[in-house]
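Me: I should like a close look at one part of this protein, namely its nonpolar interior. Please set that part within the whole chain and proceed in a connected manner.

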Amino acid sequence: KTISFGGRSDVAFPTMFYYAVLRKKTANISKTVAQCSASELQCAAFVRAHTNSLKGQKPSSREMMSIADLEKITGFTYFVNVPNAPKTTFKASDWGL
C-alpha cells in the first residue's frame, strides 16, 4: 500500500509491524542478559496488523511467534550479542497472554 506524504504519493505504508523482545525470567538475576543461560531467559516476537483498530489493545497469543521464525521471515538476526537467547521457543503464558 502506498500513501501520500511529504509531497510524494509513492510512500510505502506497512500493513504489518513486529517487535522482538528478550528478558530475564526473574528480575533478581544479577547477570546481564548476555551472561545468562537459555533457561534464565525468555524471548518472543509479536507480529501485528498496522491499523488504528488495535490502538491500546494488548497483543494476543495468536500474534506471537518464535524469534527463529521471525528471523526466517525478515532475514535479520536478532539478539546477536546474547548467545543463549532461546530463539526457537516461547510460551504465551510467560508474557501474560
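Reply: In this predicted model, 28% of the 97 residues of the protein count as buried. Before the interior itself is examined, the overall layout deserves a brief description. The protein contains five strands and one helix, and the order of these elements from the N terminus is β-β-β-β-β-α. The C-alpha trace extends over about 50 × 25 × 25 Å along its principal axes. The radius of gyration of the protein is 16 Å, whereas a compact globule of 97 residues would have a value near 13 Å. Of the contacts between residues at least 6 apart in sequence, 52% join residues at least 24 apart.

Against this background, the interior may be considered. The largest nonpolar core comprises eleven residues. Its members are Ile-29, Cys-36, Leu-41, Cys-43, Ala-45, Met-65, Ile-67, Leu-70, Tyr-78, Val-82 and Ala-85. Two elements, strand E4 (41-49) and helix H1 (67-74), each contribute at least two residues to this core. E4 makes the greatest contribution, with three residues. A second core, separate from this one, has five residues, among them Ala-44, Phe-46, Ala-92 and Trp-95.

Met-65, a member of the largest core, merits individual attention. When residues up to four places away in sequence are left out, Met-65 touches Ala-44, Ala-45, Val-47, Leu-70, Ile-73 and Phe-90. Two of these partners, Ala-45 and Leu-70, belong with Met-65 to the largest core. Ala-44, another partner of Met-65, is instead listed in the second core.

A further residue of interest is Phe-79, which is found in the segment after H1. The relative accessible area of Phe-79 is 21%, so this residue counts as partly exposed; because a core admits buried residues, and buried means under 20%, Phe-79 at 21% does not qualify as a core member. Its backbone is also notable: phi of Phe-79 is near 60°, a positive value in a residue other than glycine. Most residues other than glycine have a negative phi.

The outer surface completes the picture. The protein exposes about 6600 Å², of which carbon and sulfur atoms supply 54%. The protein carries 13 positive and 6 negative charges, and the mean positions of these two sets are 5 Å apart.

Key:
Residues are numbered from 1 along each chain as its sequence is written. This is a predicted model: local features need pLDDT of at least 70, side-chain atom pairs count only at pLDDT 80 or more; totals for chains, interfaces and linings use all residues. Side-chain values use heavy atoms; hydrogens and water are left out. A nonpolar core is a set of buried Ala, Val, Leu, Ile, Met, Phe, Trp, Tyr and Cys residues joined through side-chain atoms within 4.5 Å. Buried means under 20% relative accessible area, exposed over 50%, partly exposed in between (1.4 Å probe, protein chains only). Helices (H or I, at least four residues) and strands (E, at least two) are DSSP runs, numbered from the N terminus. Contact means heavy atoms within 4.5 Å. The radius of gyration is taken over C-alpha atoms; the globule rule is 2.2 Å times the number of residues to the power 0.38. Accessible areas come from the Shrake-Rupley method with a 1.4 Å probe; for residues, only the protein chains shown count as cover. Lys and Arg count as positive and Asp and Glu as negative; His and the chain ends are not counted. The place of a charge is taken as NZ of Lys, CZ of Arg, CG of Asp or CD of Glu.
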